[in-house]
Amino acid sequence: MKQEKNQMDIILPIVHPEIESYMRTLASLTDDSVLLEMEAFAKQQNFPIVNRLVGIFLATQAKMIQARRVFEFGSGYGYSAYWFAKAVGAEGQVICSDINPANQAAAEHYLASTGLWQRLNFQIGEAQDVFLSTEGMFDICYNDVDKEAYPEIWQMAKHRIRPGGLYIADNVLWSGRVITQNDVGAISRATKAIIKHNQMIFDDAEFETFINPIRDGVLVARKK
Ligand SMILES: C[S@@+](CC[C@H](N)C(=O)[O-])C[C@H]1O[C@@H](n2cnc3c(N)ncnc32)[C@H](O)[C@@H]1O
């Protein structure tokens, strides 16, 4: 299972690819033409969206706590927001943030015809700035920005999640790099940031935390 790309970058498939593929085949009822187009675009552009299984997981988490207000740090072109928007219902809102205006345009292109675009409030800018300029509490804060910012985002988000609400972060196993030996001076800033982020959350007694190892690891922390 272990592949070494080079001495500095150790990649481990976390869940065996054939098991993920089996799980994906079980989920064919979630197929719809917009999702298939968005997934084809990700493949073509090599854009790191959460995949179908994680999308279903996000929507399920949101529905289980009857989430109505979600903040996304790092929305890309709206694939994860598609799932949250479906889950929050017609009265709900997903505040999206991304640094790249082209992503906002692509999200509108894909989601306008679905009726989900109206549930999004898509803001362009540093996600941290957008968050600070948005008032109120959230049912879910979802983190998927550049990994160096993960600890900072956790620290700002945790105070604005309602009791019973969730903090969710993608890529927390970082292709297995989280178990890279700390004494290898080459450990990247992103890897260090994720290791710090994960430990801070598990050490926070205000939250109950679990990592679902699907795809690249999805952390869910529930505020008590
Ligand atoms: C992994 S992609 C998000 C994918 C999206 N959550 C999905 O699954 O469909 C990360 C996105 O975050 C944006 N990004 C990275 N760091 C950011 C920051 N600090 N503020 C705002 N956007 C950021 C990038 O432009 C990119 O579109």
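**View 1. The E8–E9 hairpin in this predicted model.** E8 and E9 run antiparallel, with six bridges holding the pair together. Look for isoleucine 211, whose bridge partner in E9 is leucine 219. Five residues sit between the two strands of this hairpin. One to check in the turn is arginine 215, which has a positive phi of about 50°.

**View 2. The whole seven-stranded sheet.** Here the view pulls back to an open sheet with mixed pairing, and the strand order reads E5-E4-E3-E6-E7-E9-E8. Strand E5 (120-124) and strand E8 (207-212) are the edge strands; each has a single partner strand, so one side of each is left without a neighbour in the sheet. From one strand to the next, the twist averages 15°.

**View 3. The E4–E5 pair.** Strand E4 (residues 93-98) and E5 run parallel and are joined by five bridges. Pick out valine 94 in this pair: its bridge partner is leucine 120 in E5.

**View 4. Helix H3 lying across the strands.** Helix H3 covers residues 52-64 and lies across strand E3 (69-73), strand E6 (138-143), strand E7 (161-170), E8 and strand E9 (218-223). Against E7, the helix runs at about 175°.

**View 5. The shell around the ligand.** The ligand is surrounded by 19 residues, and the closest are Gly74, Gly76, Tyr79, Ala127 and Val145. Helix H4 (79-88) and E4 are the elements that give two or more residues to this shell. Sorted by class, the shell has eight nonpolar, seven polar and four charged residues.

Conventions:
Residues numbered from 1 in each chain as written. Predicted model: local features only at pLDDT ≥ 70, side-chain atom pairs only at ≥ 80, totals over all residues. Pairing = 2+ DSSP bridges. Helix = DSSP H or I, 4+ residues; strand = E, 2+ residues; numbered from the N terminus. Axes fitted to C-alpha atoms, helices over the stretch in contact; angles between N-to-C directions. Contact = placed C-beta atoms within 7 Å. Near = placed C-beta within 6 Å. Nonpolar A, V, L, I, M, F, W, Y, C, P; charged D, E, K, R; others polar.
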